[in-house]
Protein chains: 4
Amino acid sequence: MNKHYGTNKIKIINDPVYGFINIPSELHLDLIQHPYFQRMRRLKQLGLSYYVYPGATHTRFDHVLGAMHLMNIALRELERKGQKITKDEKDAVLIAILLHDIGHGPLSHSLEGSFIIGKNHEELSLFFMEQLNKEFEGKLSLGIKIFRNEYKKQFLHDLVSSQLDMDRLDYLKRDSFYTGVTEGGIGSDRIIKMLRVVNDELAVEEKGIYSVEQFIVARRIMYWQVYLHKTVIASEIMMKKAIQKAKIESKKNGVYATPALAYFFNTEEKLNKSDIIDNFTLEAFAKLDDSDIIVSMKEWMNHSDKVLSVISKSLINRDLFRVEIARERFNLEKIKNLQEKVSDKYKINDEDVKYLVFSDKIKSKAYSTDNDTGINILHKSGKMSDIAKASDLDNITALSKTVEKYFLCYPKDI
Amino acid sequence: MNKHYGTNKIKIINDPVYGFINIPSELHLDLIQHPYFQRMRRLKQLGLSYYVYPGATHTRFDHVLGAMHLMNIALRELERKGQKITKDEKDAVLIAILLHDIGHGPLSHSLEGSFIIGKNHEELSLFFMEQLNKEFEGKLSLGIKIFRNEYKKQFLHDLVSSQLDMDRLDYLKRDSFYTGVTEGGIGSDRIIKMLRVVNDELAVEEKGIYSVEQFIVARRIMYWQVYLHKTVIASEIMMKKAIQKAKIESKKNGVYATPALAYFFNTEEKLNKSDIIDNFTLEAFAKLDDSDIIVSMKEWMNHSDKVLSVISKSLINRDLFRVEIARERFNLEKIKNLQEKVSDKYKINDEDVKYLVFSDKIKSKAYSTDNDTGINILHKSGKMSDIAKASDLDNITALSKTVEKYFLCYPKDI
Amino acid sequence: MNKHYGTNKIKIINDPVYGFINIPSELHLDLIQHPYFQRMRRLKQLGLSYYVYPGATHTRFDHVLGAMHLMNIALRELERKGQKITKDEKDAVLIAILLHDIGHGPLSHSLEGSFIIGKNHEELSLFFMEQLNKEFEGKLSLGIKIFRNEYKKQFLHDLVSSQLDMDRLDYLKRDSFYTGVTEGGIGSDRIIKMLRVVNDELAVEEKGIYSVEQFIVARRIMYWQVYLHKTVIASEIMMKKAIQKAKIESKKNGVYATPALAYFFNTEEKLNKSDIIDNFTLEAFAKLDDSDIIVSMKEWMNHSDKVLSVISKSLINRDLFRVEIARERFNLEKIKNLQEKVSDKYKINDEDVKYLVFSDKIKSKAYSTDNDTGINILHKSGKMSDIAKASDLDNITALSKTVEKYFLCYPKDI
Amino acid sequence: MNKHYGTNKIKIINDPVYGFINIPSELHLDLIQHPYFQRMRRLKQLGLSYYVYPGATHTRFDHVLGAMHLMNIALRELERKGQKITKDEKDAVLIAILLHDIGHGPLSHSLEGSFIIGKNHEELSLFFMEQLNKEFEGKLSLGIKIFRNEYKKQFLHDLVSSQLDMDRLDYLKRDSFYTGVTEGGIGSDRIIKMLRVVNDELAVEEKGIYSVEQFIVARRIMYWQVYLHKTVIASEIMMKKAIQKAKIESKKNGVYATPALAYFFNTEEKLNKSDIIDNFTLEAFAKLDDSDIIVSMKEWMNHSDKVLSVISKSLINRDLFRVEIARERFNLEKIKNLQEKVSDKYKINDEDVKYLVFSDKIKSKAYSTDNDTGINILHKSGKMSDIAKASDLDNITALSKTVEKYFLCYPKDI
């Protein structure tokens, strides 16, 4: 962060995607400087994707600042078009976007649910927000309300979380930038210029249809080319399996874990029983980041448990398992056959072999029509319609279909 | 052009899109230095699109050099994958791409057919190629054969002209760059890396499906956002109508024309009677460029013919007609009503009013399945299929539908 | 230009360099739509530089819009730092930057002074401004005052015209973008973020020293690599000599000229006698653009005057003269020897040979310390000093030295 | 990494800076896949610079691949100009550049010498290279010879390590890209196009002078704006002091350390006595990366040693010390005064206070003339000279002066 003029407070941040990002106010700056927030500097935005796209080492921290920047621009544009938004509402929606990802754990989505089972990152974000709201003496209340979609002006929530929110606009642009998958880039500027609010809902002017279409297709590309790239998926599932096995070993023979990780290994059962996350757990979670996983896994390379050491070596040295991908479910015979070979070779039992030979399906939806918040198109006539209807072709509908693929993963040396 | 080392011949060209472009050989350099080729420096690639996108002043010259650059990379990639291509074939296909647009007239597509009626720019390109081949003592013969698709190795022609040729890869990337419509940019690098030749046909490896989809959608965006932008279309048709009216006036009361343009006004009837273009006409056409139209039109602003002066003023001062666009054909009543008003206001007759109030349809196809040369996808299994079938959704089929829109154009002041 | 929402007036323009440019108000939009202003669309920003950098076909129009965009950002930044600027002042300084280049003639600097002798483009810009001010009923008065540096707040003039004005910030960035000379790019964003006003003068905060140094070096690169590239210089002087010769021929044997150009050939003597430019002449000048030169020169290729035809062919076909460049003045003997050879070969007299064999010097200063308006650095202590003193090394002083080079130009075929 | 065609081996890597990087051969691929090499994925290229430039999370791994890519291009260019380079030499110089940074420890330069005292990263790189050479059965011998500058063809070493080597060309371009300090970007393409070999030495063609000047100035900007940014420097020295204190504590009261770090805490004395690094130590060093420092420091936040906990909290939560910077050495009185205050406030002794209040100097040289390997300029005459003499101004000499600044660092709350 860069102090740019002689105040005590840092106000402008250099960002390779947008050039410069202005922090809107001291309150937002204070939030950014909070240790909970700074932890996001230690969480890679794309988990293990840098195993396929080495440039993709950017963090959650970068992303939320970028999303805040786009929010700022969007608010200015909407005001320029005559939309009334109060100072409090602006502050609040900027808070909501800043904090929307604060509940993420290490390596992002791949390990979601591995530490605090049954809670996704959005629920955890809310726990963090509530805790921060206490520290900030209620100043985050409206932001939390908007995040929860409990505030009357629906479009404010839409800007934070919908099919065309500032979150997506930033992450598509940013992930495209850092991976080098340039064709996944989107015209976020143009889309924001075309936003409108109609009856408190967010809409895109009719002439923005092509940009929205491109946004949906770019998202689809990023899904298959990056987020669901077979090597990424395989690495992330291997990582998840390593954690599972390490947990079991921690109960049986003991396993090395960094202090932050050990906490979750040791309290797992207790955590699973409770609906509520106490402050102690929240604080522990706030200690946990990517580095804990890396350090622990480096030790697991030499663990006596074959499965744990094989997966850990494979991941740390990026000597990954083979991955096959197919439109149809893999033949059970084939899987069984592979499992037998691996079982033989590694001298492991039937239970353990499932950690090394596994198959599952992945699916993606670039655009979803079946929930309430589609992308509204505002026609010149004043009429509103969903993009899937407004587009002069059927491809939006086509894109909205869930696509499923199957993958099969096993050690290379068989 | 930049001489970069101590030879007499220029070999490297700076290009803002790709950085540097190497001229492959002295033969190609000699071609580029020919006056016919240099004329392309005076032809804007996108006609009047710079009226909407002021940055889009790039030329045919830039584009063909860019396409040659991509061709060079594509040939190298195909060779790296084991495809045999002889030195002569490489030289020839590079010649073909260099010359594929040499028959373009002023302001590109908008005035196509206005000077030599009944010949499109590809036919004119061939006349130029044949003439150059004489001057170059037959060295272009194989290139011309490939251009005409008369050479046995189909994929060489495909690289010059097909649904996924180097022409399109360059112009989408370049037009996106100069217009600033960044979301129209494509992953030309990635697509080229995934090209393959199977049974002498060009194909894209299966994992390239998403890039090809994005290419088709980007093309669709560029069509509607740029090439068929209503203001661009209106300006170009106004330009065409001005030329038509000027031709008529040249026979009636006389009209100013630059020497190059005057030649075509004076020989029009003769030209239309003949199937063949004689050297004299070819040479005359080689004199004609964007500047002739601009200079002539500046004079027409003061011509006594109302229609001619109104259109010319409107274009030169970019005080353009109003354009309406619709999915359905415009109501004849509405058009007639407008024509009456214009007729009254400008005091012109029923014939002339059609130059000032006009409606037509525009259509675009981002991908076409009904001709022989679809985009082949090479599956891991070795099977080939068309992208429209290979894609896991229907949107390619959707994109292949012809989309039609109607526009209506008339002076602003009524 | 792009209408982006349902008003009659165009408000947002796509620009490949900055993404989007907002037109600040209706007054500025009206100015931009004036025919005088639209003429800048037909003036290439970099004259004949596209002969070396084919991408550099951008126009004065693009540049002034870009400079206005940076001005807008600079004003916002200064206000954010507490500088008071009234609405009228803002409008005025935006007008001043919009119109600062409106007096440019065809092919920019290369032909400056060829048509209205003794008037540079800044003086002509003022004539245009005064004329426009009449049409706009005095609304441009404050802008003109700022342009003339007659307004009390010096920094407003500095933003329009000084060592670090919005003009230079835009043209360096833009010319670097379009030529592909990326290392000539500057951190205009960062520099603008560091601007301050102290005692009504413009200054840069101390921490901006490195960016200012880089700006000066980038400018130096652009000078030698682009603006004073030997091929560019030679082409532009050839162009100037062609115009000179054509003027002489127009008096002797007659010469083709487009109507706009003919006006200046025919009235030359009258124009030179007068200090004032009458409306008639201004209007004539407003008709003249790049296309007049191109069209006329295409005809001159066949003129009976050897010199005129040789130069014109050379330029139109880009078969340029040879250029030598040196640190010292060329040996007179060498020049004389070349002139004799050319005289022999082309059978022309001693007077004419000077058009074909010529030598001159070029010079550039990246930063000038000898006038009043250096670049002020505002130190943390509150002290101000010139960048040449503030920089911790002597290179700024070094850069401020005038560098001179000599070139020698003659036909290739001797 | 991305498999792009149906071979077993990965050959093409996506890179956001260059688009695609081709791995030249299987040998190079095998090297890249070695665990020692993969470790560089876990070493940030710019240490703690991401505390100022959040985007700068790129790794050593990215950088060495980029440098290899530029090497590949440079070799091709030199061959195109007639320079003979054998296949073995090409393979070897590509090996040398791939491995030149393999000896870096955690957080790059900031902690250099903290773990294996008295060995810089180049010496450690050599140890790694020798070890790898055994594993690769001598195939790296020529590469090591070139790296050590013991091979007859000097220019091969120059390409790996000199004032204008592929290392610097990549890191300036890459660091500029990821920090967003765009004005630090360089024309690496243009510089490489202008490389020549004269008498086995690397030189730049005369016309490349401006690009080389810009390269030197860009380097200067990156030094002061990024590498020596006061906040970066302060963070890195704080980090170094934390490690020092932790080492002391590990002997006194014990301190948490990850296994990889603990090894170096426990064997420090032994390591310092030996000149040679045994395999065991090398293997241990190969386990150590950024994550060990982060995890350990997170624990130190709660350590009973005040100094250790204060610094660790400050770093982990990015609540950094205040930094002052000056041209002159700070007044001893001022420092002493600060130390007393801190001593009082934190209740620590005189020895410990030096960890919290410290001053030192930083210096940078953008270009150095006093060693053998300046940047050679090849004049058109065939003469060679150093850039500092060839440049038409004195600024290169100016830039070659060592610039020194002083900084003073202390806790914010006093």
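Two strands are said to pair if DSSP finds at least two bridges between them, and the views below show a predicted model.

**View 1. An open sheet of three strands in chain A.** The strands of this open sheet follow the order S5-S9-S6 (chain A), and their pairing is antiparallel. Strand S5 (322–326) and strand S6 (358–364) of chain A are the edge strands, each of them pairing on one side only. From one strand to the next, the twist averages 25 degrees.

**View 2. The pairing of S6(A) with strand S9 (residues 403–410) of chain A.** These two strands run antiparallel and are joined by seven bridges. At Ser364(A), the bridge partner in S9(A) is Val403(A).

**View 3. The contact between chain A and chain D.** Chain A contributes 40 residues to this contact, and chain D contributes 40 residues as well. On the side of chain A that touches chain D, the elements giving two or more residues include strand S1 (12–15), helix H3 (60–80) and helix H14 (290–300) of chain A, and the largest share, six residues, comes from H14(A). By residue type, this side of chain A divides into 17 nonpolar, 14 polar and nine charged residues.

**View 4. The rotation axis that relates chain A and chain D.** A turn of 180 degrees, with a shift of 0.0 Å along the axis, lays chain A on chain D with an RMSD of 0.0 Å, and the two copies are thus related as by a two-fold rotation axis. Among the residues of chain A, Ser291(A) comes closest to the rotation axis, with its C-alpha at 2.3 Å. Because 98% of the interface residues of chain A are also interface residues in chain D, the copies meet through the same surface.

Notes
Residues numbered from 1 in each chain as written. Chains lettered and ligands numbered in written order. Predicted model: local features only at pLDDT ≥ 70, side-chain atom pairs only at ≥ 80, totals over all residues. Contact = placed C-beta atoms within 7 Å. Helix = DSSP H or I, 4+ residues; strand = E, 2+ residues; numbered from the N terminus. Nonpolar A, V, L, I, M, F, W, Y, C, P; charged D, E, K, R; others polar. Least-squares fit on C-alpha atoms with pLDDT ≥ 70 in both. Axes fitted to C-alpha atoms, helices over the stretch in contact; angles between N-to-C directions.
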